[in-house]
Amino acid sequence: MLLRHICEVCGKEEVLTPEQGHDQGWDYPPKMGQFKIVSPRTCGSCAINGTLWWAMGMEGKQVDDLDEKQLETLHRILHEPESIAVTD
């Protein structure tokens, strides 16, 4: 299975298998966390304090408080794995 791995902090994107993503340090389901559950989606270089999970869980932001980028991330997460599946 190939998935688009999108770092919500720096914007880096890569098409990887879950195993490749995990080996390269990505925090991405299904190896790290679960699909459709808000948790950090980061590359191996970025910290979690810039993630949607941080904003909602640590800063207490509600959906109405999120900016456009955070709302896009939320939509993508809630529609995984379909929203990140590569079907070529």
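Start with the cysteines: a search of the whole structure turns up zero disulfides, a disulfide being a pair of cysteine sulfur atoms within 2.5 Å. Select Cys 7, which is in no disulfide; its nearest cysteine sulfur belongs to Cys 10, 3.7 Å away. Cys 7 is buried, at a relative accessible area of 2%; buried means under 20% relative accessible area, exposed over 50%, and partly exposed in between (1.4 Å probe, protein chains only).

Now move to Cys 43. Why does Cys 43 form no bond with Cys 46? The sulfur of Cys 46 is the closest cysteine sulfur, but at 3.8 Å it is too far for a bond. Cys 43 is also buried, with a relative accessible area of 3%.

A word on what you are viewing: this is a predicted model, in which local features need pLDDT of at least 70 and side-chain atom pairs count only at pLDDT 80 or more, while totals for chains, interfaces and linings use all residues. Residues are numbered from 1 along each chain as its sequence is written, and side-chain values use heavy atoms, with hydrogens and water left out.

**The whole chain**

Zoom out and switch to a cartoon. You should find three helices and two strands, in the order β-β-α-α-α from the N terminus on. The radius of gyration is 12 Å, close to the 12 Å that the globule rule gives for 88 residues, so the chain is as compact as a globular protein of that length. That radius is taken over C-alpha atoms, and the rule is 2.2 Å times the number of residues to the power 0.38. Helices (H or I, at least four residues) and strands (E, at least two) are DSSP runs, numbered from the N terminus. The C-alpha atoms fill a box of roughly 35 × 25 × 20 Å along the principal axes, and buried residues make up 32% of the 88 residues.

**Gly 50 and its partners**

Next, select Gly 50, in the loop between helix H1 (18–23) and helix H2 (52–57). Gly 50 is partly exposed, with a relative accessible area of 43%. Which residues does Gly 50 contact, leaving aside its neighbours within four places in sequence? They are Glu 8 and Val 9, where contact means heavy atoms within 4.5 Å. Draw a distance between the C-alpha atoms of Gly 50 and Val 9: they are 41 residues apart along the chain but separated by 5.6 Å.

**Along helix H3**

Keep Glu 8 displayed and add Thr 73, in helix H3 (residues 68–78). Leaving aside neighbours within four places in sequence, Thr 73 is in contact with Glu 8 and Leu 52. Thr 73 counts as buried at 5% relative accessibility. Leu 78, also in helix H3, counts as partly exposed at 42%. The C-alpha atoms of Leu 78 and Phe 35 are separated by 7.5 Å, with their positions 43 residues apart along the chain.

**Backbone stops**

Finish with the backbone. The peptide bond from Pro 29 to Pro 30 is cis, with omega near 0°, and Pro 30 lies in the loop between H1 and H2. Lys 36 lies in that loop between H1 and H2 too; its phi is near 70°, a positive value in a residue other than glycine. Lys 36 is partly exposed, at a relative accessible area of 40%. For the last stop, select Glu 80 and Pro 81: a cis peptide bond joins them, with omega about 0°, and Pro 81 lies in the segment after H3.
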